[in-house]
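Take a moment with the sequence and the model below. Then follow the text from one part to the next.

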Amino acid sequence: MVKMEKFFFEVIVVGSGLSAKTTIVSLFKKGIIPFWIENIQNYKINDDRTTMLSPKSFKMFKELGLKDFEKKSFPTKKINIKTQNQKNFTVFEDKKSLPICYLTENNVLHQELDTLISKIEKNKKLVKVKDEIRSIKSDSDNNEIVLKSGDKIYSSLIIGVDGANSKIRKIQNIKTKDHGIKKFGLVAIMEHETSHPNVSWQVFSETGILALLAKDIKPNKRAVSSLIWSLDKKQIDAIRNLPSKDFEKKVKEEFGSSLGDLHLISKINEWPIFRIDVPNPTGTRTVLLGDAAHSIYPLAGQGFNLAIGDILQITDTMLWAKERGLDLGSRVVLNKYVNNRKFWVNSVTKMTDSIDWFFSNTSNNSQNTFGSLLSVSNNFQPIKHQLVEIMKEN
Ligand SMILES: Cc1cc2nc3c(=O)[nH]c(=O)nc-3n(C[C@H](O)[C@H](O)[C@H](O)COP(=O)(O)OP(=O)(O)OC[C@H]3O[C@@H](n4cnc5c(N)ncnc54)[C@H](O)[C@@H]3O)c2cc1C
């Protein structure tokens, strides 16, 4: 077996987003120290998005030791949902009034993860390079990776966490179904006059799917929410170019009077929404995690939560393999990972696709029927609680 000890690493992680950083910290906590290839153009990230974390993801970050993360996260205990023509919202909440999800700022997550990673680096436990992979030769012994700098490194396993346009996925020829960018996520921070602590709101309307996610309450009792509006290209241009006052009016029209007047307190930004399926996110001595393995519509706030599920599973699988003295990049180890992940990834992808399809392609009548069903479910607490349990599970 060709292993150049100096340049051999059991695991190499490629990518610089939230999923890559979380993977590094998660593996390190379990005693696996990866080699990290950061993006060569790793400019200072300004990711102004917020992320709804499931209770499971939230717990994982707490256990990883993110210091100020809990203080800077905002729990949602109720989600009020309606279709545009419904008068009243249907309320989804946990049986015991526990949080259903937690809102966190992506920039906060980046900062907290960077702090943990720099501690690992200071202890000289993490080796990293800012470089790009030029080629990979994988065989039954190992991966031989040639970097743009000309350096050569070897590994048992490559973990590709390099986003929707994953280069690792392309180099390793992993079969991909790319549906392209058909939607954009418009994001902004809004203040509203009527505060409903720990309540988030979602409206399914003909202009797209619109959510106001509970953030803080200001000393003047006004509430601050994070807005995400999933729109197609035509709609986004029209809405994004509205003067602030008209934009605020438009959002108020969608939610009705429950929130009082709404005011924009940030810039409006737009993010492309990729839709990519990877039926089997593994190749020879390679596994893809996060958006590199599945880019879905962020309709139920699920994309990054799926990545967290991947990270928990790969960490467990690595430990399982190590306990048995198995080669971490071997097919038996990769298959174990895929078999444990594929059902949940497929289920969440289908659920978000179905919601998107229904609200993009059906008539107002059908959507009103859905609205009526939502209202009816208001009277069936067990059904609603079951749905909440599914939301919390991811
Ligand atoms: C508007 C919007 C709102 C969202 N809201 C939510 C939410 O509420 N809840 C939720 O769970 N999810 C949400 N998502 C989804 C979530 O943001 C993504 O799933 C998540 O950011 C994916 O992270 P990632 O690290 O896998 O990919 P990315 O964030 O794309 O990161 C990939 C990284 O790899 C780097 N890279 C690329 N190529 C290379 C290379 N060749 N070598 C080295 N590095 C490379 C890139 O520079 C980048 O830093 C939302 C998405 C959008 C668009």
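We look at the ligand, then the nonpolar core, then one helix.

This is a predicted model. Start at the ligand. It has 32 residues around it. Gly 17, Gly 163, Gly 185, Gly 290 and Gly 303 come nearest. By class, this shell holds 14 nonpolar, 13 polar and five charged residues. Several elements each supply at least two of its residues: helix 1 (18-29), strand 3 (50-53), strand 12 (177-192), strand 17 (269-277) and helix 7 (303-323). Helix 7 gives the most, with four residues.

Now turn to the largest nonpolar core. In soluble globular proteins, nonpolar side chains tend to be buried together. The core here counts 91 residues. Val 11, Ile 12, Val 13, Val 14, Ile 159, Val 287 and Leu 289 touch the most other members. Helix 7 provides the largest share of this core, eight residues. Leave out residues up to four places away in sequence, and Val 11 touches Leu 27, Ile 32, Pro 34, Ser 155, Ser 156, Leu 157, Ile 159 and Leu 328.

Last comes helix 1. Does its length fit? At 1.5 Å a residue, its twelve residues should span 16 Å. The end C-alpha atoms are 17 Å apart, which agrees. Helix 1 is mostly covered, with eleven of its twelve residues buried. Among them are Leu 18, Lys 21, Ile 24 and Phe 28. The cover over the buried residues includes strand 1 (8-14), strand 2 (35-38), helix 2 (55-64), helix 3 (106-122), strand 11 (152-160) and helix 7. After helix 1 comes Gly 31, with a positive phi near 85 degrees.

Definitions and conventions
Residues numbered from 1 in each chain as written. Predicted model: local features only at pLDDT ≥ 70, side-chain atom pairs only at ≥ 80, totals over all residues. Near = placed C-beta within 6 Å. Nonpolar A, V, L, I, M, F, W, Y, C, P; charged D, E, K, R; others polar. Core = buried A, V, L, I, M, F, W, Y, C linked by C-beta atoms within 7 Å. Buried ≥ 20, exposed ≤ 12 C-beta atoms within 10 Å, placed from the backbone. Contact = placed C-beta atoms within 7 Å. Expected span 1.5 Å × (residues − 1).
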